[in-house]
Amino acid sequence: MRTMLNRQQTLMVGGLCATYGLFYFGRVNISVVLPLLAIELNVGRAEVGVLGTAFFWTYAFGNFLWGEVGSHVRPFYVIGFGLLASALVNLAFGFQASLAAMLALWGINGLVQAGGWSPMARILAERVDPAHIKSVSTILPFSYVTGTVITWALIGAVATGLNWRAAFWLPGVVLLLATVAWLKAGIDAPARKSKGPRLSVIIGEARGAAFALLVAALAGFVRNGSIIWLPSYILDTGLIPDNLVGAVAALTQVIALAGLYLARRGVMRSNKVFLTFVLLAGASGLAFLLLTVTADLLSIVLISAALMLLNGAFGLTTSALPLLLASPGRASSIAGTLNMMATFAGGMAGFGIGVLVELGGWEAVFGLWGACLLLAALLIWRHRHEEDARALAGAA
């Protein structure tokens, strides 16, 4: 299977990747400074972790909201609004001095940040030939991992000590510039008439993709939980100087890019999204289980391998699965629903992982993450024949 896009489509995919990567400047920036915020506000990690919970839960609702809106409104407008609103929220966050104000703003940020992914799924679904959807859908996940890498490295370098506010002011400026670039690019889906949202259609979609929704929740709990808490874990090991934590966390995400490459290669060679997910998620789950009995530098190596495989599996969950499961004209909606489940579970990780670390240590966290991924792999394996069945139904 080969991806054969014309020049206009290639530029479009590149523009979508660049734009979504920039979204992450205003999202994962908080991960690097969570310990600093806890000190600044004089609260525990479980309390400051509520910021992650607020973000992911409002982001979950936003995915459902903007996913459905993106099926009826031009994606160009939804994405542009998300960029601009997130820029303003980040700028305002840097001026705050209370947890309550931060909680409100970061919750709003989650809501508006959700305006990126689902409408982009619609653009891909409606502007790329169906024969190339699987291969093209494995490209977009590179955007958010690359965005995470750059953000963590940059924020880790400039936002240390008392200078944590730069972690939000700098992304605010970047997102303002990204808004201008997006408006000039004019990337959009083809114009079409919409009959408006229908509850019966939404419920029918959820029933048909129930197994995928549970898989998204399990994978999202692990992946988004690691995004929130990985820098804190590296800090707790004591093996890395405080000012290098952001850079080392970013390095683990560079390694995670290899997972996306493995996912893409697996899909390109086998034309099987489900089977590729099973292999990656299962291997990542086993790696996390091994982390319960390792320590020191070996744990850093092992967690890098686990994250590499996890990111490959998660990329398929959020990009390839929605485009495979969606009926014509509903790619934005099904992408929003799957991401809603992934991010709602990630919100549980924001607070829950902080509590689990305090009660059982990181070994308990890694054991839970490993079990979640093995269960997700099992669910997809049980439904592996649906991929071919849906492809035949679409061809008919």
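The side chain of S319 reaches the backbone oxygen of G315, at 2.4 Å. A polar atom of that S319 side chain also lies 2.8 Å from the backbone oxygen of S137. Keep in mind as you explore that this is a predicted model. Below, we start with this serine and then visit a helix, some aromatic rings, the cysteines and a few loop residues.

**S319 and its surroundings**

- You can find S319 in helix 15, which covers residues 296-325.
- Is S319 buried or exposed? S319 has a relative accessible area of 6%, and because buried means under 20%, this serine counts as buried.
- S137, whose backbone oxygen lies 2.8 Å from a polar atom of the S319 side chain, belongs to helix 8, residues 133-137.
- S137 is buried too, with a relative accessibility of 1%.
- Looking along the chain from S137, A125 is 12 residues apart in sequence, and the two C-alpha atoms are 9.1 Å apart in space.

**Helix 2, a helix with a bend**

- Helix 2 runs over residues 29-41 and has 13 residues.
- From its first C-alpha to its last, helix 2 reaches 18 Å, close to the 18 Å expected at 1.5 Å a residue.
- Where does helix 2 bend? The bend is at P35, and it is about 50 degrees.
- Why is helix 2 described as largely enclosed by the rest of the structure? It is because 10 of its 13 residues are buried.
- The buried residues of helix 2 include N29, I30, S31, V32 and V33, and further along the helix L34, P35, L37, A38 and L41 are buried as well.
- Right after helix 2 comes N42, whose phi is positive, near 60 degrees.

**Aromatic rings that meet**

- How many aromatic pairs does the structure hold? There are 23 aromatic pairs.
- One of the pairs joins Y24 and Y144, with ring centres 5.8 Å apart and planes at 20 degrees. Planes under 30 degrees apart count as stacked, so this pair is stacked.
- The Y24 and Y144 pair links distant parts of the chain, 120 residues apart: Y24 sits in the loop between helix 1 (7-23) and helix 2, while Y144 sits in helix 9 (residues 141-158).
- Both Y24 and Y144 are buried.
- Y144 also pairs with F314, this time edge-to-face. The centres of these two rings are 6.4 Å apart, with 75 degrees between the planes.
- Since Y144 lies in helix 9 and F314 in helix 15, this pair ties together parts that are 170 residues apart in sequence.
- Like Y144, F314 is buried.
- Which residues do ring pairs link into a cluster with Y24, Y144 and F314? They are Y20, F23 and W117.

**A charge over a ring**

- R384 lies over the face of W381.
- The distance from R384 to the ring centre of W381 is 3.8 Å.

**Cysteines**

- A disulfide is a covalent bond between the sulfur atoms of two cysteines.
- How many disulfides does a search of the whole structure find? The search finds 0.
- C17 is buried, with a relative accessible area of 15%.
- C372 is buried as well, at 11% relative accessible area.

**Residues to look at in the loops**

- N42 lies in the loop between helix 2 and helix 3 (45-48).
- The phi of N42, near 60 degrees, is a positive value in a residue other than glycine.
- Is N42 buried or exposed? N42 has a relative accessible area of 69%, and because exposed means over 50%, N42 counts as exposed.
- N271 has a positive phi of about 60 degrees, although N271 is not a glycine either.
- N271 is in the loop between helix 13 (245-270) and helix 14 (273-290), and its relative accessibility of 34% makes it partly exposed.
- G196 belongs to the loop between helix 10 (166-185) and helix 11 (199-208).
- With a relative accessible area of 23%, G196 is partly exposed.
- G196 and S71 are 125 residues apart along the chain, and their C-alpha atoms are separated by 8.6 Å.

Note on methods: Residues numbered from 1 in each chain as written. Predicted model: local features only at pLDDT ≥ 70, side-chain atom pairs only at ≥ 80, totals over all residues. Heavy atoms only, no water. Helix = DSSP H or I, 4+ residues; strand = E, 2+ residues; numbered from the N terminus. Expected span 1.5 Å × (residues − 1). Bend = angle between axes of the 7 residues up to and from the residue. Buried < 20%, exposed > 50% of the residue type's maximum accessible area, 1.4 Å probe, protein only. Disulfide = S-S within 2.5 Å. Phe/Tyr/Trp six-rings, centres within 6.5 Å; stacked < 30°, edge-to-face > 60°. Lys NZ or Arg CZ within 6 Å of the ring centre and 35° of its normal. Polar contact = N/O pair within 3.5 Å; in protein donor to acceptor, adjacent residues only side chain to side chain.
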